[in-house]
Amino acid sequence: MMTTPLEIKIQPEQKVNIWSGFYKKALKERQNQLKLAFPNLFPPTSPIISRDSFLNTPLSGSVSNLTESSSDVSINRNISSSDINNLSITEEKFPITSLDEHIADNMIENCVGTLGLPVGVALNFNIDGKPIIVPMAIEEPSVVAAVSGAAKTVSQFGKGKTFYTTTSERNITFAQVVILDVPDSLLDENEKKLNSMKNEIITYANQYCQNMYSRGGGVVNMIVRRIKKNERKLRSNQVVFDSPSSEWLICHFHIDVCDAMGANCASTVAEGVAPFLADLTNGRIGLRIVSNLCTERIITASFKIPVEKMKYKKYTGEQVARGMIEAYEFAEDDVYRATTHNKGILNGIDAVALATGQDWRAIEAAAHAYAASGSSETANEPVRGHYKSLTSYWVEEVEEEIEDVNVKQRYFCGEIKLPIAVGTKGGVLKTNPVYHYTLGLMGHPDSKALSAIFACVGLAQNFAAVRALTTEGIQRGHMSLHARNIAIAAGAPSHTIAEVTDYMVACNRINLNAAKKYLLAHELHSTLRKHLEGTDSQSSKPPSMFYFEEYVPEGEDKNNRVTLNIAFQTLTDQPTNIEYPTGSNDDPISQLLFGNKDYTWISSMADILDKFHFNTASSGRANYVLAKKLKFLSMIINIITTRLMTYYPKQTTRFIERIFRHSKRPKSSPSSSKTKTQQPSIEKYLLRPISAHSVPSSSGLSWSVPDTGIFRKNVLDIADDIKNLRDPTLIQVGFPLLLALWQVFELRVVQWVGHSSLSSSLLEEQRKVISAIVSSPIPPYKPSEVHPLVVINGKTQDPPYINLFNRFIPVYSKRFQVTMILLCNAISVDPTLINSRRIKFLLTLGSYLEWELAKDHDLGRLGRDLMLIQNQNKKLSHDGNIGNGITNSFIIWKEMREKTSPKQNMFHFEEDDDTDDSVSSPSLVNTIESIDNEPFYQRYQEEIKQYLLETNHSIIKSQLFNTETCLLFSKEMLENTIEEYQKYYNVKNLLDSLNTN
């Protein structure tokens, strides 16, 4: 009985397609929809109740005639609802599923199991005016989607809104019998004898296909063929067997196999009739077997689409049509392209063959042989031995009457022509029950209709592939679906496969490593969320991703390359994927968060800072990569915090303050249980002088991790921060990203840095860096506070501005985070060399080097910063806060020294001063990237000399560069690194000239 989809059977005129959005549904939804669309194919059945569970369940009544068959179950009407809830009810499996092992064991030899393939359905097909869905079994992504998309184009815009097909009148399969040892002198005689006895031979052959003959089929013709034997190149020492004949003598039997594929029938006929032919010719029988080149089972499928309807993506119909014809003509003329061209066709055909139990190997062999035998439409057809395209494309122009007006209409035409031998009877079709359902989805077609479906799928697949190749490229669609397989291979749970896939496609890194790192980040993200207070209204939204990849020049070892995949939850409606520093330049959020801090900058800075190698550090240790990751994490946190302070200083300061305010109190030890501890705050980290560092207690971290403020949910309560902003996106993305990076930094330190004092110092140092970035280290002052100089007992005292500036120095220089780099590098040092005394040394050394770096940096940017102030109306930050203007230590020192009064007090923000934030959204501003500093150096030479003198730490340097240093660093390395600072900021010549004067 023919099985038709419910939509076709009941409402053939309805325009609404029940298959719309089918690809968006879950697997079970699709299966249920098929059951609804094909009620005769998937009849409703009762739930199967487990026999054991039923017998072991106490019931208030009795059950009779209980068997394993659901149809034999008799349900007692006295069973209560609670009894029913206790039953073990097993959901019936969808019948299109893997082959039973017991059946498989009887199908082939040495069976050890079964191998499954995904089965999908191609939609949107109209073939000869009949809608149809097509099952396809294939592991390659994009094929089902591509076929469905092409079929949709034809069904919507094609002439007649359908594919048109033609098939051979009969399903003819060839059987070959080779007759050997017939001398050349007797070939003509035997050929005549065989032809004269054709009817008798056919009658004799039909004895071996009685069932087929009785159904109107069987052997219908015999052709005698003679083929000249080719001369063959002999191999060394090859033995050649003599033959009395220079030609092959073959009998071709044409067998109408009805709805069977016919291979077994043909081979049976060949073997049966062979002895009879041997007697007739006095020859020796050679091969007797089916031929899979079934040139009398040719199928043609075609379509016509108006050229203007061929438009695709951003391409016009004319562009698409021309590109596709050029691609087809290239395949006609180049065998390398033709091979791939036809492989794409068979992607679709093979998938249908696998889903419907056909011999896909025979189909492929016939298709390729046909392609190589001059199947294409060239001027000199047939051109034997020239492998060509199985499809043809062209544009034709015809005159048509449209709304009573004759117009010339141009059509893009596509056609496929190839032999296809398929069967809907016999073979393995009854062995595997799945084929009953897959063929049923197509309405149980006969073999001709089935071969027509195969041809239409092949044409649609080729149409989709060539269209993609000549427009946006095939990888865009293919790789997005290929990414699903990668996600599955990486072990992604089913509910995260879509997220992993979207991430890999968005970042253009479709590989196993990227998927695994996303999953690790996803797991970490989920772990962190458990520590957040309150609920998240956006918890169902997929997390956003931040990706960082260290640049490694070509030719260098990439085994220790650092990559970071950090999951975080933005406060926007949609997730945001950020790539640094490899992200696209047209990503406004990335540009605002990182500015001009690109590969060049971060690579240069990492290269300079990495010169602080400990004498015992080894890149071969596993924790060397951890040290690099922590350094990059800290640098990225620094960049993002600085950029957020540039655009939103008040909001960012409040955000960091909330984190510190919500941090837990330090864990109390028994000896200090009576000591009252204070909540951490930004002020706690306003730093001591360079020489006055202490090491955090090694008995435990300053406060519980992950119970610190950066793991608390309400620090992201930004309602007050964005209430007056026109576009709060930067805060909605930047704050959660900063929080996530900071969380990951702390967790990795706690989990993987074994030395407790070192891990405590790393956590404290990161807080110091953050505090320095958001702080205002210079308190409000008046001109009277910086003038006049004080003379006591005839000795001039340090001017008061020096005290203010010395307060500014350690906070400002901490933003250059050299101490953090030293502490990170210490992770790779022999643990026996790390103790509290040496950590304190690292803290002091780092502070000294930070100030050296800060001075070099500011002198190197002197001309640029002065030009920004003078020509672009940029303000100088009088309090040292990044958000209040330019923070250049020399310019600030010069202003203090010259007793310049600040124009306004910006140290304490006014509560009602948020209105300015609504004026405009943050945007990238043009700044002066480079300028010749020499005129400014000459103009301010004396001031620079005095600035260096008053900020000189030569005594501290001499104390640092002692024996202790030699245990961890070489003095030469430290001196060289300081020199590298000076070269990087182009101030070495300036400093050398000042030192010689």
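Student: Does Asn986 count as buried or exposed?
Tutor: The relative accessibility of Asn986 is 61%. Buried means under 20% relative accessible area, exposed over 50% and partly exposed in between, with a 1.4 Å probe and protein chains only. At 61%, Asn986 therefore counts as exposed.

Student: What is left out of the side-chain values in this predicted model?
Tutor: The model is predicted: local features need pLDDT of at least 70, side-chain atom pairs count only at pLDDT 80 or more, and totals for chains, interfaces and linings use all residues. Residues are numbered from 1 along each chain as its sequence is written, while side-chain values use heavy atoms and leave out hydrogens and water.

Student: What is the phi of Asn986?
Tutor: Asn986 sits in the loop between helix 35 (971-984) and helix 36 (988-996); helices (H or I, at least four residues) and strands (E, at least two) are DSSP runs numbered from the N terminus. Most residues other than glycine have a negative phi. Asn986 is not a glycine, yet its phi is positive, at about 60°.

Student: In which loop is Asn282 found?
Tutor: Asn282 is a residue other than glycine with a positive phi, near 55°. At 69% relative accessibility, Asn282 counts as exposed. Its place is the loop between helix 10 and strand 9 (284-291).

Student: How are helix 7 and helix 10 oriented to each other?
Tutor: The axes of helix 7 (residues 184-196) and helix 10 (residues 263-281) come within 10 Å and cross at roughly 130°. Axes are lines fitted to C-alpha atoms, for helices over the stretch in contact, and angles run from 0 to 180 degrees between N-to-C directions. Angles under 35 degrees count as roughly parallel, over 145 as roughly antiparallel, 65 to 115 as roughly perpendicular and the rest as oblique. Helix 7 and helix 10 are therefore oblique.

Student: Which residues of helix 10 make the contact with helix 7?
Tutor: Contact means heavy atoms within 4.5 Å. Helix 7 contributes Asn190, Lys193 and Leu194, and helix 10 contributes Leu277, Leu280 and Thr281.

Student: Which strands are the edge strands of the open sheet with the order 7-8-6-9?
Tutor: This open sheet has four strands with antiparallel pairing; two strands pair if DSSP finds at least two bridges between them. On average, neighbouring strands are turned by 20° against each other, direction ignored. Each edge strand pairs on one side only, and these are strand 7 (218-228) and strand 9.

Student: Which residue of strand 9 is the bridge partner of Gln176?
Tutor: Strand 6 (residues 172-180) and strand 9 run antiparallel and are joined by six bridges. The partner of Gln176 in strand 9 is Ile289.

Student: At what angle does helix 8 run to strand 7?
Tutor: Helix 7 lies across strand 6, strand 7 and strand 8 (247-256), at about 165° to strand 7. Helix 8 (residues 198-205) lies across strand 7 and strand 8, and its angle to strand 7 is about 120°.

Student: What is the strand order of the open sheet that has strand 5 and strand 11 as edge strands?
Tutor: Strand 5 (164-166) and strand 11 (391-402) each pair on one side only. Strand 5 is joined to strand 10 by three bridges, strand 10 to strand 12 by nine, and strand 11 to strand 12 (residues 405-419) by twelve. The pairing is antiparallel and the order is 5-10-12-11.

Student: Which residue of strand 12 is the bridge partner of Pro306?
Tutor: Two other pairs in this sheet are Tyr164 with Ser302 in strand 10 and Glu400 with Val407 in strand 12. The bridge partner of Pro306 in strand 12 is Tyr411.

Student: Why is strand 10 described as largely enclosed by the rest of the structure?
Tutor: Helix 15 (residues 447-469) lies across strand 5, strand 10 (298-306), strand 11 and strand 12, at about 45° to strand 10. Strand 10 is largely enclosed because, of its nine residues, the number buried is seven.

Student: How far apart in space are Glu943 and Lys894, C-alpha to C-alpha?
Tutor: Glu943 lies in helix 32 (residues 941-950) and counts as buried because its relative accessibility is 19%. Beyond its neighbours within four places in sequence, Glu943 is in contact with Phe890, Trp893, Lys894 and Arg897. Glu943 and Lys894 are 49 residues apart in sequence, and their C-alpha to C-alpha distance is 7.5 Å.
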